[in-house]
Amino acid sequence: MPETKANDGVPASYSGAPDAASIQSIKLQVPRIIPSPPNTEAEKMLAGQLYNCMDLALVNARVFAKTCLQRMNTQDLTDVDTRAQALMDLLGTKETGVWIEPPFYCDYGSNIHMGEATYVNVNCTFLDGAPIRIGKRCFFGPKVSIYTNTHPIDPYERALGDYSKPVTIGDDCWVGGSAIILPGITIGEGSTIGAGSVVTKDVASYTIVAGNPARKIKDVPRIDSDKPIPSRFIMY
């Protein structure tokens with residue numbers, strides 16, 4: 001559909017939602033290689049460029065994610081198989097032993113990748129316009145938020161679209177309750193993020209950070225490479 005211009009100079013394709021009758025539930029397909037320059041709004045999103053989040057394909061993908069989340073968040077908690085299937089349908093990749101307590105919220109799911117034995121407590125929100133890569137044996141307290149989506153500071157550019165930056169969290173990290181991890185952040189392995197922290201800069205491996213903005217508190221002893229770390233979670 002050709003882009004048209006609104007009277008205020010803002011592209012009309014960015015100024016409203018698609019027609020309700022055209023919306024479907026379709027999982028976001030993440031290409032292995034993003035063309036340069038990117039062609040679709042999804043490719044622009046994954047490439048970190050300004051994109052239109054109200055593009056029909058992206059709206060459809062968020063509907064698919066919300067459908068999976070509804071199954072996960074409202075299913076009988078004893079029906080582990082149904083919850084596990086909803087999680088498999090939702091996420092991009094996950095290894096064994098991943099456990100997410102409901103309710104859980106995300107944008108697409110396709111851009112979330114979780115390592116084995118990772119545990120996510122209640123009311124966490126992972127906004128995954130760009131990839132969120134989480135290592136093995138990570139723990140997330142209640143109400144942790146990971147944001148990859150952000151907006152231009154300039155009001156005119158902000159009216160045109162959004163952009164996203166990936167978040168990467170290494171193995172054996174603990175993120176305390178109500179912590180917020182902002183777009184583009186990398187957290188090194190073995191690190192701890194204090195409850196309520198706002199992480200605005202990369203976190204070095206084996207450190208504890210806390211506060212708003214999060215600052216280094218102290219180092220964490222490094223793991224003996226000859227001593228394997230047990231995995232507590234065997235379900236899923």
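1. In this predicted model, strands β16 and β18 are paired in the parallel sense, and two bridges connect them. One position shows the pairing residue by residue: T192 has I208 of β18 as its bridge partner. For orientation, strands of a sheet pair through backbone hydrogen bonds, in either a parallel or an antiparallel manner.

2. On its other pairing, β18 meets β19 in the antiparallel sense, over four bridges. Here I208 stands opposite K218 of β19. The residue I208 is thus a useful place to begin when tracing the sheet by eye, since T192 is its bridge partner and K218 of β19 stands opposite it.

3. Strands β18 and β19 also form a hairpin, with four residues between them. Within the turn, G211 has a positive phi of about 110°.

4. Which side chains of β18 are buried, and which are not? The strand covers residues 207-210, and its side chains alternate. T207 and V209 point to one face and are buried, whereas I208 and A210 point to the other face and are not buried. This agrees with a general rule: in a regular strand, side chains alternate between the two faces of the sheet.

5. Strand β16 has a further parallel partner. Residues 192-193 of β16 are joined by two bridges to residues 174-175 of β13. In this pair, V175 stands opposite I193.

6. These pairings belong to an open sheet of seven strands with mixed pairing, in the order β2-β5-β8-β13-β16-β18-β19. Its edge strands are β2 (99-100) and β19 (215-219), each of which pairs on one side only.

7. Attention may also be given to a loop. A117 lies between β4 (112-114) and β5 (119-120). Is A117 buried or exposed? A117 is buried, because its relative accessible area is 4%, which is under the 20% limit for that class. The C-alpha atom of A117 is separated by 4.8 Å from that of R137, although the two residues are 20 residues apart along the chain.

8. A final point concerns helix α1, which spans residues 41-46 and includes E41. Why is E41 counted as buried? The relative accessibility of E41 is 12%, and the class requires a value under 20%. The side chain of E41 also makes a polar contact, at 3.0 Å, with the side chain of K44.

How values were computed. Residues numbered from 1 in each chain as written. Predicted model: local features only at pLDDT ≥ 70, side-chain atom pairs only at ≥ 80, totals over all residues. Heavy atoms only, no water. Pairing = 2+ DSSP bridges. Buried < 20%, exposed > 50% of the residue type's maximum accessible area, 1.4 Å probe, protein only. Polar contact = N/O pair within 3.5 Å; in protein donor to acceptor, adjacent residues only side chain to side chain.
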